[in-house]
Amino acid sequence: MKVIAVIPARYASTRFPAKLMQDLGGKSVILRTYEATLQTGLFQDVFVVTDSDLIYDEITTHHGKAIMSVKNHESGSDRIAEAVEHMDVDIVVNVQGDEPFIDKDSLEKIIELYGADTEKKIDLVSLMREITDENDIQNPNNVKVITDQNGFALYFSRSVIPYKRDKEVAVKYFQHIGVYAFRKEALMDFYRLPMCTLEAAEKLEQLRYLEYGKKIRMIQTSHVGIGIDTPEDLERARKFFS
């Protein structure tokens with residue numbers, strides 16, 4: 001089973017332009033992420049896929065591997081799919097370029113899950129963590145996920161799911177952590193299939209997989225990463241790094 005990691009790296013960002021090129025302990029955020037992914041030792045290869053000459057040069061001048069996107073893409077899955085379309089790989093792990101503090105334990109669990117899936121019932125694997133704070137639960141920027149009894153995702157939403165009509169029922173709420181591992185066939189299907197209503201409404205690409213019948217296996221984690229979406233996040237990351 002050949003497993004690679006791909007880091008989609010778009011230069012433009014609505015909330016924090018050029019965030020991937022910001023300094024983090026003497027190196028750029030994207031270079032830190034690339035090197036941390038390599039250092040896990042879990043992957044046969046690691047690539048950064050980007051639409052930016054600046055990011056491409058940042059990785060390659062430090063002896064890393066980078067791929068320039070040919071097309072414009074709406075999602076990270078699309079960008080990754082274009083890059084790996086002609087590669088001989090089995091599992092593609094999407095590592096977020098703005099999260100340089102890699103959770104190796106969770107990535108190991110993902111790969112082990114695929115190794116045990118001899119009947120290939122799993123199309124994607126992703127992560128979730130329990131949230132208990134009411135503000136976190138209500139926040140539409142925190143994507144929630146519900147699963148069946150076997151750990152497969154039933155639905156993702158920015159809304160509160162499940163809706164607790166009966167206040168006496170004890171339910172747990174889980175936030176989706178945006179780390180994905182795809183079987184290559186599922187990723188290529190996503191790339192070729194059009195967006196449907198649920199994805200368009202919620203602006204969540206994972207819903208396209210569900211709408212077309214793909215099986216997403218969730219793994220619970222307690223890891224809380226530091227995603228760099230704002231200048232304030234960058235300052236937190238700098239303090240954590242130092």
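This passage describes cores, helices, charged pairs, ring pairs and loop features in one structure. The model is predicted.

The largest nonpolar core holds 38 residues. Within this core, I30, F43, V48, V93 and I110 touch the most other members. The surroundings of I110 show how distant stretches of sequence meet. With residues up to four places away in sequence set aside, I110 touches V125, L127, V179, A181 and I219. A second core is separate and contains 30 residues, among them A83, L124, M128 and M188. In soluble globular proteins, nonpolar side chains tend to be buried together.

Helix 3 spans residues 76-84 and is mostly covered. Of its 9 residues, 9 are buried. The buried set includes nonpolar residues such as I80, A81 and V84. The charged residues D78, R79 and E82 are also among the buried residues of helix 3. A83, another buried residue of this helix, is a member of the second core.

The structure holds 11 salt bridges. Side chains of opposite charge can pair when their charged atoms come close. One of the bridges joins R79 and D51, whose closest N and O atoms are 3.9 Å apart. This pair links distant parts of the chain. R79 belongs to helix 3, while D51 sits in the loop between strand 4 (45-50) and helix 2, 28 residues apart. R79 is buried, at a relative accessible area of 5%. D51 is partly exposed, at 36%.

Another bridge brings together the side chains of E85 and R192, at 3.7 Å from N to O. E85 lies in the loop between helix 3 and strand 6, and R192 lies in helix 6, so the pair ties together parts that are 107 residues apart in sequence. E85 is partly exposed, with a relative accessible area of 27%. R192 is exposed, with 57%.

A further bridge lies within one helix. E235 and R238 both belong to helix 9 and are 3 residues apart, about one turn of the helix. Their side chains meet at 2.7 Å, N to O. Both residues are partly exposed: E235 has a relative accessibility of 38%, and R238 has a relative accessible area of 29%.

E202 presents another situation. This residue lies in helix 7 (residues 197-202). E202 is buried yet has no salt bridge. The nearest side chain of opposite charge belongs to R158, 5.0 Å away. A salt bridge requires a distance within 4 Å, so this separation falls outside the cut-off. The side chain of E202 does make a polar contact of 3.0 Å with that of Y155. Beyond its neighbours within four places in sequence, E202 is in contact with Y155, F156, S157, R158, S159 and L207.

Aromatic rings form 4 pairs in the structure. The rings of F101 and F240 have centres 4.7 Å apart and planes at 75°, so this pair is edge-to-face. F101 lies in the loop between strand 6 (91-94) and helix 4, and F240 lies in helix 9 (residues 231-241); the pair therefore ties together parts that are 139 residues apart in sequence. F101 is buried, with a relative accessible area of 17%. F240, at 56% relative accessibility, is exposed.

F190 and Y209 form a stacked pair, because their ring centres are 4.6 Å apart and their planes lie at 20°. F190 is in helix 6 (residues 184-192) and Y209 is in helix 8, so the pair ties together parts 19 residues apart in sequence. F190 is buried at 2% relative accessibility. Y209 is also buried, with a relative accessible area of 2%. Ring pairs link Y180, F182, F190 and Y209 into a cluster.

Several loops carry local backbone features. The peptide bond from I161 to P162 is cis, with omega near -5°. P162 lies in the loop between strand 9 (153-157) and strand 10 (173-183). H63 is not a glycine, yet its phi is positive, near 65°. H63 occupies the loop between helix 2 (53-60) and strand 5 (66-68), and is exposed at 77% relative accessible area. K120, also not a glycine, has a positive phi of about 55°. K120 is placed in the loop between helix 4 (104-116) and strand 7 (124-131). K120 is exposed, with a relative accessible area of 54%.

G213 sits in the loop between helix 8 (206-211) and strand 11 (216-220). G213 is exposed, at 52% relative accessibility. G213 and D123 are 90 residues apart in sequence, but their C-alpha atoms are 9.6 Å apart in space.

Note on methods: Residues numbered from 1 in each chain as written. Predicted model: local features only at pLDDT ≥ 70, side-chain atom pairs only at ≥ 80, totals over all residues. Heavy atoms only, no water. Helix = DSSP H or I, 4+ residues; strand = E, 2+ residues; numbered from the N terminus. Buried < 20%, exposed > 50% of the residue type's maximum accessible area, 1.4 Å probe, protein only. Core = buried A, V, L, I, M, F, W, Y, C linked by side-chain atoms within 4.5 Å. Contact = heavy atoms within 4.5 Å. Lys, Arg positive; Asp, Glu negative; His and termini not counted. Polar contact = N/O pair within 3.5 Å; in protein donor to acceptor, adjacent residues only side chain to side chain. Phe/Tyr/Trp six-rings, centres within 6.5 Å; stacked < 30°, edge-to-face > 60°.
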